Amino acid sequence: MAPIVSELSNLTDFVVKKGNGVKGLAEIGIERVPDQYIQPIKERMDMHQALQMPSDLAIPVIDMSKWGDRKVVDSICDAAEKWGFFQIINHGVSVEVMENAKTATVRFFSSTAEEKSKYTKENSPTNHVRYGTSFAPEAESSLEWKDYLSLFFTSEEDASTLWPPQCKDEALEYMKNAEPVIRKLMEALMTRLNVTEINENKSSLLMGSKRINFNYYPKCPNPELTIGVGRHSDISNLTLLLQDDIGGLYVRAHCTDANGSIVQNWVHIPPISGALVINVGDALQIMSNGRYKSVEHRVVANGSKDRLSVPIFVNPRPSDAIGPLAEVLETGERAVYKQVLYSDYTKHFFNKAHDGKKTLDFAKI
């Protein structure tokens, strides 16, 4: 007989401190989501509503194989302005490299709780490697149904020494292969911001630091009661997401209803074999003075299958001050964001529960 949650003397201790994670909860065969994971009704995903979206409302899919074509650059900029999300295919990162990253994700989360707990907040040898669960358990009134491993890149030497052996090689390989894609995307996006060259200072602001996460969403007994990841926008400049074939990522979109009114709803980003999902983060919205949009997104829990994803977050350096780029304002456009230290912005984001796009208020004038 499956154990009931009340038999777990301390759920936080079991899930968080002992390294079992949500995966450990799922594996002991619980038949009901623990109360700590039940989301308020307004935060649960209305799947019926999402499924009623018009069939022609879909995130753009951009073919990167014709990179020299101006239409590709325009498509990237258009998607960043209108949607804040798009998918790219024929981008140059091999299927083998991407599959290796997925395999490494499964390998790490298949490790024992003892192995994984070496990288918890209390035990990790560095702040740049963190294994955890949910998002910010200390600040959340309801937990999210997700485990993660977060790796902040400082150098190959540090990564080889400090990153978990179950996944460090694959993580580094994937990040290296993604570098040309990241630069191409940034070069394209800068064309519409009057930036003609990505010099050393611009490179720092746009691509100065990177973090790769391995996310694991175990099968959930009551997916309708909880959420894999709550509503939020990323704080990066860009995020490159590798997702598996399970699906479950939704983005908030504006569309027109039958009466011609603008309404907001959730649009599914369907998995496409070999594709990468790209989204604009808050930092790029700030630097573009709002031209490019970071967009709320969320992940639903799944009642039948485990899901995984591997995002690379492309960020300014923590010590960089971010604000509207001078090139954006040189035509007389009024700044709607102030200069903020990126490390301060990051701390503000991670010290609270997911709350849509409210983090941006931190930088608004």
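Hi everyone, this is a short tour of helix α8 and its surroundings, plus one aromatic pair. Please keep in mind that we are looking at a predicted model.

Let's start with α8 itself. The helix runs through residues 168–191, and its 24 residues span 35 Å from the first C-alpha to the last, close to the 34 Å expected at 1.5 Å a residue. There is a bend, though: α8 turns by about 35° at Glu179, with a proline, Pro180, following within four residues.

Now, what packs against α8? One partner is helix α4, residues 70–82, with the two axes 9 Å apart and an angle of about 80°. That makes α4 roughly perpendicular to α8. On the α4 side you'll find Arg70, Val73, Ile76, Cys77 and Ala80, and they meet Leu185, Ala188, Leu189 and Thr191 of α8. Sorted by class, this contact has seven nonpolar residues, one polar and one charged.

Another partner is helix α9, residues 200–207, where the axes come within 12 Å and cross at roughly 110°. So α8 is roughly perpendicular to α9. Here α8 contributes Ile182, Arg183, Met186 and Met190, while α9 brings Ser203, Leu206 and Met207. The classes are five nonpolar, one polar and one charged.

Last stop, the aromatics. The whole structure holds eight aromatic pairs, and I'd like to show you Phe153 with Trp163. Their ring centres are 6.3 Å apart and their planes sit at 75°, so this pair is edge-to-face. Phe153 belongs to strand β4 and Trp163 to the loop between α7 and α8, so the pair ties together parts 10 residues apart in sequence.

Thanks for listening, and I'm happy to take questions!

Terms used
Residues numbered from 1 in each chain as written. Predicted model: local features only at pLDDT ≥ 70, side-chain atom pairs only at ≥ 80, totals over all residues. Heavy atoms only, no water. Axes fitted to C-alpha atoms, helices over the stretch in contact; angles between N-to-C directions. Helix = DSSP H or I, 4+ residues; strand = E, 2+ residues; numbered from the N terminus. Parallel < 35°, antiparallel > 145°, perpendicular 65-115°, else oblique. Contact = heavy atoms within 4.5 Å. Nonpolar A, V, L, I, M, F, W, Y, C, P; charged D, E, K, R; others polar. Expected span 1.5 Å × (residues − 1). Bend = angle between axes of the 7 residues up to and from the residue. Phe/Tyr/Trp six-rings, centres within 6.5 Å; stacked < 30°, edge-to-face > 60°.
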